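The following exchange examines how certain descriptive terms are justified for the model shown here.

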Amino acid sequence: CLHQLDTTPIDPNVDTVDKVYRTVADYNQGLAKLYAGYAITGQQGPDGNGDLGGIDEGASQYLRRYWEAQELPTDEAINCWGDPGQPEMSTMSWTAANTLNEALYYRVIYQISLANQFIRDCEASDFDLSSQIAEARFLRAYSYWHALDLYGNGVPKITEENTVGKELPLPWGKQGGRELFDYITAELESIIDASSEEQLVDIGESMFGQANKGVAYMLLGKVFLNAEVYIGEAHLSEAKKYTDLVVNNYTLSGSHKNAVSAYQSLFVMDNYEEHKEIIFSINYFGDQTRTWGGMTYIINAATGGDMDRDMMGAPGWGGNRSMTSLLNVFEGKTDDRALFFIHKDDQGNETTDIVDFMQFTQGVQVTKFRNVDSKGAPGHATYAETNYPVFRVADAILMQTEIEWRMNGFASNNNIRTLWERAGRSTESVPEVNAETILNERARELYWEGHRRQDLRRFNTFTRGSVVQTWPYKGSQIAPEGLTNVSETFEVYPIPSSEIGANPNLIQNKGY
Amino acid sequence: AQEKSIKGTVVDENGAPLPGVAVVVKGTTHGTTTNFDGEYILNLSSDNVTLSFSYIGYLTKDFLVGSEMRIDVPMEVDAEQLEEVLVIGYGSTTKKDATGSVEAVTADGFNKGAINSPQGLLQGKVAGVQITTGGGAPGSGSTIRIRGGSSLIASNDPLIVIDGVPVDSDGISGMRNPLNAINPADIESMTVLKDASATAIYGSRASNGVIIITTKKGSTNESSINVNYNGSVSVNTLNNQVDVLSADQYRDIMSGRPGEHLLGSANTNWQNEVFQNSVSTDHNVGVSGNVKGWLPYRASAGYTMDNGTLKGSSMDRTTLNLNLSPKFLDDHLSVNASIKGMFVNNKFGNDGAIGSAVSYDPTQPIYDSRFPHYGGYHTWTTTDDPLSGRSVNAPSNPMAMINQNSNTSNVNRSIGNAQIDYKIHGFEDLVLKVNAGYDYSSAKGGVYEGIETSWNENNAPSGIEEKGGFVSDYTQEKRNEVLDLFAQYNKEIGKHRFDVMGGYSWQHFLQEGTTVEQNGYGYEMKNQPWATEYYLMSFFGRANYTFNNKYMATVTVRQDGTSRFSPQNRWGTFPSLALAWKIKEEPWMQSVNFVSDLKLRAGVGVTGQQNIGAGDYPYMNTYTRGDEYSRYGFYNPSTGQWEYFNTIRPEGYDENIKWEQTTTYNIGLDYGLFNDRLTGSAEVYYRLTDDLLNYIPVPGGSNLTNMLLTNVGSMENKGVELSLNAKIIQRQDFHWDFGVNMTWNDSKITKLTTVDDPSYEGVKVGGIAGGTGETIQIHRVGYTPYSFLVYEQIYDDNGKPIEGAYVDRNGDGKIDEQDKYIAGDPMANLFFGFTTRLMYKNWEFSMAGRAQFGAQVYNNVDSNNSAYDQLYVSANNNTNNVTTDIYNTGFQSRQLHSDYYIQSANFLRIDNIMVGYNFNNFLKGKANLRVFGTVNNPVIFTNYKGVDPEISGGIDNNMYPRPTTYMLGFNVNF
């Protein structure tokens, strides 16, 4: 009876490959995992069967980590928790050993590995899965863009050509090189090409949250706009081409909806109805997409102290808030976009200044994202149901202005005016377009949407105080006024030391 | 010749009356036996006869009657006969013939008092074996480490074999201790196999040693029926608490600080509230006898009601045990059958309340009329409005946690087996053996928390208005089966003695279960069935050869196949060799009178560890389906509907994963001096584990995970064990024995990665309270597993730690991760166990204790609850109590990673003290009554600042405290 040693899983939830992929619908579940990779952390919501090991499951969530990496070290947000590696994320003092950075890195790389495996599984199938493959290639390119933006060109080169094992991947190339940039743009241009076998569906033919050609245009616009940062070479005409395609195919949500402004309707539970403006999203389907990261994190971490939990639709964990540096870009004027809450101390004075880094109630609380719908009805009490807008056409509109300004040295401020009109801001004094007004407008329109670090880098004012001078605690937890300049090393995140230890082929980013 | 009657009393070596001694007129069948008082009376027809006194285990004594009217006889132990039989894997041997490191503790030597677990009986009794209870909860489990353990990730638990059935050590849901299936009162002996020459016969499960538990059997004595009743009642009490601020001290410290407005007017000692003194009882009845000379039997029943010191925690257990050992066909066919049944009801209490009781504001009352919606319990809410919702990150009211939570289980387990030995007719040297056994268990349990529980107030699936409450139900079934077929051949030819054994073993482990969760209104939130299994098949053999009763050699080999590994790595071979030399048997030793026994042993062997903690299919490319809460949805604008998908995840895997392999070298010396008044052994061992499993970061993108369990490391253990048993006083009615064992052990990781990378810092482990993902320990090359990695605290002139000031150990001008150093580890380098027993006439006194040195413990209770910024958390709108250590440190924020909190775990603990008295004449000599009182855990001597330094794993975070237990017990034999 030695054949008994050849067991196969008997668990109803575990299968081998021949059992798991039998119909196209099965492959769609594999594809759904790729999307879910941005939203949740594993196969059991909210936790218990995580994708990654070695870190708290909720804290490792993709969107949570990505959001923090793009927001916390900027003038838009600061976190008051003392968890390992957490203060360093807010103060630009992370090291290669930072556990949160490690989690982010592995999330991004894991997502790429998953896409590779899915593509391999599809290619081994007899079904026609070309549209599924195209979506997987888009999502892989999307994560590779994160890798490029956060870590640079030295990340591992892994595609569907690799196999699963312990072999050591090679890096795409040297830090500052162009290999990964070229790969991402080529991949994206391939899956929007009408002559390709594997191509995305057209704008208007996909569901909300699903990749289509419009999403790929937006991503291409972003990659090309930031080309100077990535490869030291401008690609403004390509950036313009794709950004224009986006602007021409999507429209701003224009009017009040139920109890909220047009702007705010983009950040509440029923924001899926704004699919004309929201180009791509990370979806939370009722309470069936459960996580301790994602929107549950973004909304709860923003809620605490004396804030109205019913309004936020969240019990509140009291972690993230903003600072006067964000409040001030609104210049005290009425604006639908200024969704803030200010605490008062026992004497009734507003505590907008953070004097104690660890006190949540100090600073400027942000009420932009809420787990309620446009009527104010709450979502699930624990797990947020609001969809995260990854790309919005408002962003593309501002990109258009920026590209025009970068190409010509000047630009029309009409796009800014359009956004001011929607936000109910007096348009009497719409400023001239320059670096500062672009950054300020992007802060007003897009704060807390995960763009800020990238924007500051593009204007060379992330580690340098060139346009935006400084902000509270920039570069140091003991300097509330912040430092003007910090080491350029922090322009990109370090490849985690565990990864450098595991893969001697990789070279650590400069300065770490 | 003249008729006469002779009488007398027979006593044992301790001077205690010895009942059942055969008193026979030599050369005749005329005789009698002694009664319970050791007394006999016999009518004789002549003076000129010799009386022969015999009893199993004692030297037979003859006396010529002559003119004596009374002959009192002190019996002497027959060293040869009483030769300790050692149960070993697939057989038995004797202490004198053992070639490996094997130590047995029998019922006599077990720890005394209120002990409900088999592990407790053995604690401190055997050198090299460290047993740490998980705390003071009723029926709590223990960590057993034999020679320090040989794994990091894989299990370090020894293999436990109960009456020939190797049991699954993973336990079962709803049981704190998997070994609770065995009632300690039914245990005859526990044998510890320590070195590879003893354990290698268990192959891939033997790296961490083996403990063989043998239960009591029926008697060989044909005529008697022995009934034994054991009963006790005990009181459990706690004599130590975490030193937190009293309500007054708390008001003092809060005066003028933010959050003062939240203080209440109560004075609540939360620890007094959640803990109680409790009363437990234990009853056991055993009946043993022998039906018509061919069916020895023993049946027993036990009932234990153990109430915990944490309110709401208890265990009641009923055990049934039946052993039958009949012999057939002129004793050629013998059967050893046993069935054990266990029925346990657990109430777990709410352990979380222990931590809450430390941090809950002492100025708040238990009940507060503002919170009728939370069952009337004071609750922290997000604002001062009682209806604003519970503040989710504030602690919950400890008494609400106790009273509003019911966490119960009931577990049934049965272990049974039959071993059939057949001695071939006409070829009696060969015995064929079949052992078939099973270990089945089923558990069901769950948690019930009503709709008024504040911490569940939002519990409901989406769109359901009826929120609150939590109900979880789980079931688990385990069905493990074993079949061994083997044969044994014994032969003595002149000076050569052979004992050869070989066979085949098959084991199947299956478990399955369900978990269902609902809210208090019955809306289902989770429903997840699961199942897994594995097979283990083995071929094994052992050959013992003895020359001239002086030189002995043992060779064993086992080949194991497991379904857990790929066909390429599935089979492993585990050999061992041991040699022994009975030095005392040498002619030149005969004249050395003070040496009564001397034996030198040396062994080497290889064992494995296949319980690698990675599930049963770690080598396979598998896919896992997501549950209904890990779905992904898209909104379809054209239909206005959401479409959702379950997900499928490909799992990371290591197709080359295999067992860890441990090579053990052992040299031992067994000695007996001064006519065995002084006995003991000394051992030296060295163990090297290769292919050590480590959970390492895989090169990003090379696998479908970031961390993979794979065979990469090495680790070594070395140690010295000494044991000494002394019969200090040995007189007719006064005996005093003393035994001590000492272990020095050192474990060190020698390799952890595939590529040799000196900069590899190691694997961080040891999660602590105080922040998400905080760890305090590390597995690092060159150090003991679970070493503490911390900053070196700087102190001011008054010896007070300076907050945030740490030594820049690498001198690079900044304090960062690189400055952390290894400040000790939780593994004791030196530990002792000692026992002493004193008997004077009918009185008996015994005491046992343990000590350990060289271990550290991380005081997470203080590190997490002793900073000024914990007093008031504005984001949570609540105030927290702190420990009095805040007066020593004055820390504003928690300094979780300071070596200040690495504290010495040295201790000397008295485990139990017992005083007993024997009433020999009870019920007119028909019965024997023993009354005894014990105190368990009366005192611990330690400098540790926390409640108890003996913590498995070394992180003190509100362990269920071990009570001191006072017990009064009775033992009746008739």
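Q: What makes α14 (393-408) and α16 (435-446) of chain A the packing partners of the buried residues of α15(A)?
A: The buried residues of α15(A) pack against these two helices, contact being counted if C-beta atoms, placed from the backbone, lie within 7 Å. Helices (H or I, at least four residues) and strands (E, at least two) are DSSP runs, numbered from the N terminus. The model is predicted: local features need pLDDT of at least 70, side-chain atom pairs count only at pLDDT 80 or more, and totals for chains, interfaces and linings use all residues. Residues are numbered from 1 along each chain as its sequence is written, and chains are lettered from A and ligands numbered from 1 in the order in which they are written.

Q: Which residues of helix α15 (residues 414-422) of chain A are called buried?
A: They are N415(A), I416(A), L419(A) and W420(A); a buried residue has 20 or more other C-beta atoms within 10 Å of its own, with C-beta atoms placed from the backbone.

Q: Why are the buried residues of α15(A) said to line one face of the helix?
A: Viewed down the axis of α15(A), they fall within an arc of 140°, and therefore line one face. The arc is that of the directions from the helix axis to the C-beta atoms.

Q: What makes β1 (residues 14-16) of chain A and β31(B) a strand pair?
A: Pairing requires at least two DSSP bridges between two strands; β1(A) and β31(B) have three, in the antiparallel sense. Y623(B) in β31(B) is the bridge partner of D15(A).

Technical notes
Buried ≥ 20, exposed ≤ 12 C-beta atoms within 10 Å, placed from the backbone.
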